[in-house]
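Here is a short note for someone opening this entry for the first time. Please read the points below with the structure in view.

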Amino acid sequence: MAGMILGVLVSGRGSNLAAILDAIAEGALSAKVAVVVSDRPDALALRRIEDAAPKISGVVVERGAYPTGEAFDDAIAGVLDEHGVELVVLAGFMRVLGPAFVRRFQGRVVNIHPSLLPSFPGLHAQRQALLHGVKVSGCTVHLVDETLDGGPILAQAAVPVLPGDTEESLSERILMEEHVLLPKTIQEIIEARNT
Ligand code: GRF
């Protein structure tokens with residue numbers, strides 16, 4: 001059984017997308033990625049799906065091609081609907097989706113953020129954590145609502161902040177946990193739906 005149909009939104013490297021695809025391939029995640037939408041044509045994430053089998057559609061939707069944020073969001077929503085997407089996963093998607101999109105996919109959009117929310121929402125979460133001198137940071141998977149990184153928290157994983165950490169070293173330690181937490185949380189959503 002193919003399981004839940006996912007649409008993954010990306011802007012860059014796509015390592016979380018790769019973690020999702022690996023979990024599916026290993027049978028740890030009962031899902032199928034039907035489409036990957038990127039707002040950047042050069043995103044490495046799109047290259048990761050070039051040779052995927054079964055094939056995964058990669059679609060570029062650039063903000064600059066639309067007059068308003070709402071029109072951009074509508075274009076993305078249209079692509080997701082065309083592919084029958086049941087759950088939308090924001091995996092390094094660097095744009096904020098507006099209220100109309102959130103309402104359209106109410107309770108069906110998850111995001112991964114590299115901090116223990118509600119601490120350090122927004123950009124450069126790892127840098128913010130270092131600047132505040134916290135001793136523990138981590139990552140959060142949450143449902144997306146109309147606030148920035150503010151929707152209901154589904155799961156978190158903590159990592160230590162070590163003496164001498166740089167933004168890069170802390171980001172890398174958090175990223176290792178993201179790659180475990182995101183597929184695991186999606187699987188939990190799927191299992192909750194099936195009970
Ligand atoms: C991750 O740190 C994620 O938490 C944040 O953006 C980064 C995306 O990395 N939202 P990748 O594109 O999945 O490699």
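Is R127 buried, partly exposed or exposed?

1. The model is predicted. In this model R127 counts as partly exposed, because its relative accessibility is 36% and the partly exposed class lies between under 20% for buried and over 50% for exposed.

2. R127 belongs to helix α5, which covers residues 125-132. Its side chain is in polar contact with the side chain of E167, at 3.0 Å. For E168, the C-alpha atom is 9.1 Å from that of R127, with the two positions 41 residues apart in sequence numbering.

3. The ligand is the other topic of this note. It is surrounded by R13, G14, S15, N16, G92, I112, H113, P114 and E178. By class, this shell holds two nonpolar, five polar and two charged residues.

4. Side chains of two shell residues reach oxygen atoms of the ligand: a polar side-chain atom of R13 is 2.6 Å from one oxygen atom, and an N or O atom in the side chain of E178 is 2.7 Å from an oxygen atom. With I112 the backbone is involved, as one of its N or O atoms lies 3.0 Å from a nitrogen atom of the ligand. The ligand taken alone exposes 370 Å², and the protein buries 87% of that area.

5. Which pocket does the ligand take up? The ligand takes the space of the largest pocket. Two elements, α1 (15-25) and β5 (109-113), each give two or more residues to the shell around the ligand.

Definitions and conventions. Residues are numbered from 1 along each chain as its sequence is written. This is a predicted model: local features need pLDDT of at least 70, side-chain atom pairs count only at pLDDT 80 or more; totals for chains, interfaces and linings use all residues. Side-chain values use heavy atoms; hydrogens and water are left out. A residue is near a molecule or strand if one of its heavy atoms lies within 4 Å of it. A polar contact is a pair of N or O atoms within 3.5 Å; within protein, one must be able to donate a hydrogen and the other to accept it, and residues adjacent in sequence count only if both atoms are side-chain atoms. Accessible areas come from the Shrake-Rupley method with a 1.4 Å probe; for residues, only the protein chains shown count as cover. On a 1 Å grid over the protein atoms alone, a cavity is a set of points where a 1.4 Å probe fits but cannot get out, and a pocket is an open set with protein on both sides within 12 Å along at least five of seven lines; lining residues have an atom within 4 Å of a point. A molecule sits in a cavity or pocket if more than half of its atoms lie within 2 Å of its grid points. Helices (H or I, at least four residues) and strands (E, at least two) are DSSP runs, numbered from the N terminus. Ala, Val, Leu, Ile, Met, Phe, Trp, Tyr, Cys and Pro count as nonpolar, Asp, Glu, Lys and Arg as charged, and the others, Gly among them, as polar. Buried means under 20% relative accessible area, exposed over 50%, partly exposed in between (1.4 Å probe, protein chains only).
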